[in-house]
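Please consider the following structure and how its parts meet. The account below proceeds from the parts within one chain to the contact between chains.

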Amino acid sequence: MTTSTKPIHGAQTRRTARNWLGPIVVLLLLAFPFILSLLSGQPVDTGTPKFWQGMLIQVFILAVFAMSYDLLMGYTGILSFGHAMFFGAGAYATGILLKHSGWGLAAVLLAVVGVAIVQSVLIGVVSLRVRGVYLAMATLAFAQMFFILAQATDLRAITGAEDGLHGIPVPDWLNPTDQRLTFYFVALLFMVIMYLIARRVVDSPPGRVMVAIRENEARAQMIGYNTFGYKLMAVTLSGVMAALAGFMNALWNLNATPDVLSVETTINALLMTIIGGVGTLIGPMLGAGVYQLLGYWLNATFGPRWPLIIGVIYILLVLFVPYGIVGTWQLRRNDMRAGWARLIRPLRTGLEADTPGATKK
Amino acid sequence: MPETSPATIIETRNVTKHFGGLRAVDGVSLHVAAGAMHSIIGPNGAGKTTLFNLISGYLKPTSGQVLLRGRNITGVPLHRMAHMGIGRSFQITNVFPELTVMENVRLAAQALGKDNYAFWRAADSLRRYTQAAERALLEVGLDAKADVTAGVLPHGDKRRLELAIILAGDPEVLLLDEPTAGMASEQVPSLVAMIARIRTAGNKTIILVEHNMSIVMNISDRISVMHQGRLLAEGNPQEIAANESVQKAYLGEFHDEHS
């Protein structure tokens, strides 16, 4: 019994620490605009504070998108090359409905969820019949269909064809330019809610089945799970979450252009997930932050050559941080602590007394 | 349903499986009595594992039928098998390596419940599955290692985990494919005793594929001998030991290997 008490105790302490960390980060993010305002001496809704609110709003939206990808790739082991179609469809549905239907924001939000459910169930039913690379190819084909459809000139009146939709009308209280601070809080709230939902999903009974499918699908079937149903559920939950990120993206940019449906958008989700740590939820959110802020900084420093440099950084990350930021931390945390203890031990003993260890140094 | 005494729980009727030109299983008709410890033996390549795959639904027979208590279950989807009371272990350890021991077993218990799609609930809150998993772990003696990641378990413990996963599904029929494969010889007797205990305590039927003849002879009620995809002989351990064609096909070969 003693052997099992100890790790459980350790897990509880860790969990308490983690429970504190989340709210602290959220509080810091809530205070961030005001802290920046104090530091820069500028009012909170202008200049530097306003600019950085915009930067973080984009991080929050991308974080939800990356997290939705993690549900699929990291937790269920489904590699999709077409995730942009959910994000893009969410953005387009938002733009089209706000522009042409005259519906309120809440109705549009519900409609986006409905569209995403239909879209992901249909695409899931067809593409989940194959596995692995074939599934990736099937999803890529579906995504390209949407990409081409969005640019079809016959639909210019609805989608704006290759120009996309511009000037999406957003309620005044949520205008991303005039009400930046409100939008910032809404986007932060959106991300927190989405994280809590995703966390609950992965810790739920079907969430565990999703991981079992990733680990060993044949065995999951043998112990009694109809794995197709769970994979379809993962695709749908992930699709709805991506569509909601697309919804926020359309509200933020006040437009929906074909590039939200492009392969590049999917690759970005993949990059953010891998940079942050596959199958960790927090990782992809951090990955979104790294991606967005690094991209901004590299662009400002190196100009248009920045994608080249982010490519090099990406290769270095894959080589040296292969499990992503969070994944590598989880794996190496004990080694790192031990290494750190080894490193400072001679120093500590040296400070405490004139020990042989210190003289050797 | 034709009732014979004792009641047949698993029956194969002339099952045949071809892989291209190879007849891996060739017209096997097998009756397994409810509550029996029924072993299937035979030299390598005799078709034992293929027969297991046919009974457990992993493969569909080219022809013939598999019946569970007189009901035809040929071609039933794999994931229905556990719900019908058939649990199966694998010759090669086949667990969820990145999950904990507890989670491996808990998932098997949860599979039989009705809360499987409740994505708004916490998995840990479903106490009855955790309790079923704890019982199964206790039964195989892995309760102290519940929090260990399954992938890092020593081989013998992985074999026990295989058993616990099946037990958590509370099957009536256990198909055990070489449960002692690769185990250190000093660990074998305790696992065999465990299997015997599981059978009597839970009143379960066990169908066993095993290479180790001393195990088979000691614990089986009935033995079917396969050779080149066919049933060569069937009987109780004494009959099989005395059977000349069996000795020629299998036992002789086996003793040669070990002398």
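**Two interfaces in a predicted model**

Ten residues may be counted on one side of the first interface: 10 residues of domain 1 of chain A are in contact with six residues of domain 2 of chain A. The model is a predicted one. The domain assignment of chain A places domain 1 at residues 28-317 and domain 2 at residues 323-361. The C-alpha centres of domain 1 and domain 2 of chain A are 40 Å apart.

The size of an interface is often expressed as the accessible area that is lost when the parts come together. Domain 1 and domain 2 of chain A bury about 430 Å² between them, and 73% of this area lies on carbon and sulfur atoms. Zero salt bridges are found across the interface of these two domains of chain A, whereas three residue pairs, both residues at pLDDT 80 or more, are in polar contact there. On the side of domain 1 of chain A that touches domain 2 of chain A, α10 (263-276) and α11 (282-302) of chain A each supply at least two residues. The largest share of that side, four residues, comes from α11(A). By class, the side of domain 1 of chain A that touches domain 2 of chain A has six nonpolar, four polar and no charged residues.

Attention now turns to chain B. Chain B contains nine helices and 10 strands. The radius of gyration of chain B is 19 Å, close to the 18 Å that the globule rule gives for 259 residues, so chain B is as compact as a globular protein of that length. Along the principal axes, the C-alpha atoms of chain B fill a box of roughly 60 × 45 × 40 Å.

The contact between the chains takes 36 residues from chain B and 27 residues from chain A. Chain B and chain A bury about 2800 Å² between them, with 60% of it on carbon and sulfur atoms. Which charged side chains meet in a salt bridge between chain B and chain A? Two salt bridges are counted between these chains, and in one of them the side chains of E103(B) and R208(A) meet at 2.8 Å, N to O. In addition, 12 residue pairs, both residues at pLDDT 80 or more, are in polar contact across the interface of chain B and chain A.

On the side of chain B that touches chain A, the elements giving two or more residues are α2 (78-81), α3 (101-110) and α5 (155-168) of chain B. The largest share of that side, five residues, comes from α3(B). The residues on the side of chain B that touches chain A divide into 21 nonpolar, six polar and nine charged.

Conventions
Residues numbered from 1 in each chain as written. Chains lettered and ligands numbered in written order. Predicted model: local features only at pLDDT ≥ 70, side-chain atom pairs only at ≥ 80, totals over all residues. Heavy atoms only, no water. Domains from an automatic or database assignment. Contact = heavy atoms within 4.5 Å. Buried area = accessible area lost by both parts, 1.4 Å probe. Salt bridge = Lys/Arg side-chain N within 4 Å of Asp/Glu carboxyl O. Polar contact = N/O pair within 3.5 Å; in protein donor to acceptor, adjacent residues only side chain to side chain. Nonpolar A, V, L, I, M, F, W, Y, C, P; charged D, E, K, R; others polar. Rg over C-alpha atoms; globule rule 2.2 N^0.38 Å.
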